[in-house]
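I opened my notebook to look up how a few parts of this protein fit together. The entries follow in the order I made them.

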Amino acid sequence: MITLGIMNHASHDSGAAVVVSDETGIKNIISISEERLSRVKVNYFSPLRSIDYCLSNLGLTLDDVDVISTDYMNAKRFDNSTPVYRKLEHDYIKLISTIDREKVNIYRHHEAHAASAYYMSGFSEAAVLNVDGLGSEYETISLYKGKGNKLELIDRSELWGLGNLYTAITRQLLNFGRGQEGKTMGLAAFGRNSNKRILNFESSYDGLNLDYSNFMTRSPNGKINPIDILPCPDRSLVTSDLYAQIAYDVQEETEKALMHLLEYAKEKAGTDNVCLAGGVILNCLANYIMLESKVFKNYFFQPASSDTGIPLGLALLPHFEKNENCKPVTMKNAYLSATYSKDQISNVLAENNIPHKKSDNAEVAQLLADNKIVGYFYGSSEIGPRALGHRSILANPGNPEVQDLINRKVKHREPYRPFAPSVLAENAADYFELNNESPFMLLAPWAKDKSKEIIPGVVHFDNTSRVQTVSKDTCTNYYDLISKFSKISGIPVLLNTSFNDNGEPIIETPLDALICFMRTDVDFLYLEGHLVSREQINQNFNVPILIETLVSQRKHLLEKEYGNLISKYCPAYNTNVMTSYLKSQETASNYKSKHQALDNLVELLIEADPASTVIFSTLQTQNIVQKLFPLKNFTYEIGNDVLSEQESFKEKLAQIEEGNSVIQLLYNLSESLKEVETSVQTTHIYEIYSQPIADLFPDIDSRIQLNLSKSVEYNRSENWDLLFNNSK
């Protein structure tokens, strides 16, 4: 069987994976993120490049694929899965692609997370805990039980979740922006030693439900409730006591909450093994605490635990569903992309007249011992966000100035950001409080006292280190390099950071490596047997012009490639039609999001008789309706608008007396309540839910009085135009 896994919705971690199996089990896996190929970080592109990359490198075509697996967010369908109000080219491409809809299997987002972890763990039985930002139907946390080749759902939560909390702090208070949660984790070190807690999350835990309703609004928006703290006004101030403490506060809450979830998973699953996935599992500090807790005996942290692993999980699922003999794979390393031939590497250098010489690990090890910084390119790239010795920038961790040097002159990023140590597995316990392997750089143990003296470049401000252990049997080449460096320096550790500049994805191709090398103050570039010297480049080229030439070359190649992919997978593509489609979708979305639902609601409420009308809503929505209609005393049934409350609302709906009517303002429960058999007249308003209305009516009394009732003529245009103009 051949399966292709792709995300259904336009995602910041778009990508693809192909898995091949026969009757005995999994035979081949290849996976890559779209950003590695498009060179645009957080791109929300359709994964055409990733799809073609995976298929072509296995000698396959789309026709060879037996199953195309995808996930969903709101609606279990391939086209228009999410009712988002910003349509992109991705949505048009889905509509016109040559993908055979008969081959499409649709799974829950968290089911894909669970599959990516369990089926790659090597365990024959395990609890599978997913802790994410947002999944299908607003799911934030889920627990599965894996046994044999089966995954069984135990529990799920649609409440706020850790991912939403961490993201809200990162964006709204620390002002880091989208996808920068790793910066918050690094910053937390500067607030660890303070006893001054600034944020009061007022959290409560109940099974998988983590309730942060006193601190922030319900997802998907996840806005922090008003507090007397202004967002960080300048990045240079982020290490001040206030913002460093904020970072530590949310880090500490994350660690506490994850421990609660871990203990709940142990109680419910009744096994000694646990697999973890979801974006929160990139939190190395919390992972180490979970590991050290010994709640479970054995742990597997999926290296692509963020949405980068969703295509992999999606591609794995059909094999285990349809083949009872299929056994979980043991993921020994994260190198799941394709490799580049010697000719491909040589051609890039020759075509651009780049001076170079043949080299090997022995020479690179000596350069590193001499405190040179080396961009290192070898074999296939790593799945997930961590570079693990195949697409890495390497340096001597014993150099006390190296951390500042790389942050300032190579990565061009904040000075407080730490770097990871890659250590030979057999020596890890000598330098770190770590008795387990950490092959995917997903654990941050304490550094031992001697490490602060011997390898200061990889010990963070709070004496933690995000460790990668390197074993001879799983990372043969990288192990060889560190071993040779150790023989020269006496240190079995290298400083390892991802091979990319600030704001760009990790490199993928030899040309990417060359461009990144030119743009940064890296001393040498090692391209699998070829060594390029910064000194020689400076002597032979006008470097800015060379960079411009290389970037232009790559841009031309990417544009040409994309044109070919459009022709190959979307022969009906028409720019004018796409523009028209996106414009029409935007117009419709704007109307639906800003006018139509509110029009429908107000017109309905004008006609409704308070004596015989019950409104199902949240407290937030009730407050809005009361402000809009202060003269109408409706009856309300109040809840939190989460799927876990659907049975309670169904019972309430069934108990309403005949002759009454129900106005249902619960977005998440609209479909489930629609199915309830009842004799009452039920009106569903699908397009509205509490958070968007709250955004529009934060203080309605000061803007416009809409004392609407049957006796008041409702002028939709005047009232809503005035309201929206005042709300800008």
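Before checking any helix length I wrote down the rule: the expected span of a helix is 1.5 Å times one less than its number of residues. Helices (H or I, at least four residues) and strands (E, at least two) are DSSP runs, numbered from the N terminus.

Ground rules. I am reading a predicted model, where local features need pLDDT of at least 70, side-chain atom pairs count only at pLDDT 80 or more, and totals for chains, interfaces and linings use all residues. Residues are numbered from 1 along each chain as its sequence is written, and side-chain values use heavy atoms, with hydrogens and water left out.

Entry one: the whole protein. I found 24 helices and 24 strands. Of the 728 residues, 59% are buried. Buried means under 20% relative accessible area, exposed over 50%, partly exposed in between (1.4 Å probe, protein chains only).

Entry two: helix α15. I looked up its 14 residues, which reach 20 Å from first C-alpha to last, close to the 20 Å expected at 1.5 Å a residue. Its buried residues include Tyr478, Tyr479, Leu481 and Phe485. I saw that the buried residues of α15 pack against α11 and five strands, among them β14 (374-377) and β18 (493-498). After α15 comes Gly490, with a positive phi near 80 degrees.

Entry three: α11 against α15. At what angle do the axes of α11 and α15 cross? I found roughly 50 degrees, with the axes of α11 (residues 361-369) and α15 (residues 476-489) coming within 8 Å. Axes are lines fitted to C-alpha atoms, for helices over the stretch in contact, and angles run from 0 to 180 degrees between N-to-C directions. That crossing makes α11 oblique to α15. Angles under 35 degrees count as roughly parallel, over 145 as roughly antiparallel, 65 to 115 as roughly perpendicular, and the rest as oblique.

Entry four: helix α16. Why is α16 called largely enclosed? Nine of its ten residues (510-519) are buried, so the rest of the structure largely encloses α16. Pro510, Asp512, Cys516 and Met518 are among those buried.

Entry five: Ile2. I located Ile2 in strand β1 (residues 2-6). Is Ile2 buried or exposed? Its relative accessibility is 14%, so Ile2 counts as buried. Leaving out residues up to four places away in sequence, Ile2 touches Val19, Leu60, Val67 and His319, among others. Contact means heavy atoms within 4.5 Å. I also noted 8.9 Å between the C-alpha atoms of Ile2 and Asp22, which sit 20 residues apart along the chain.
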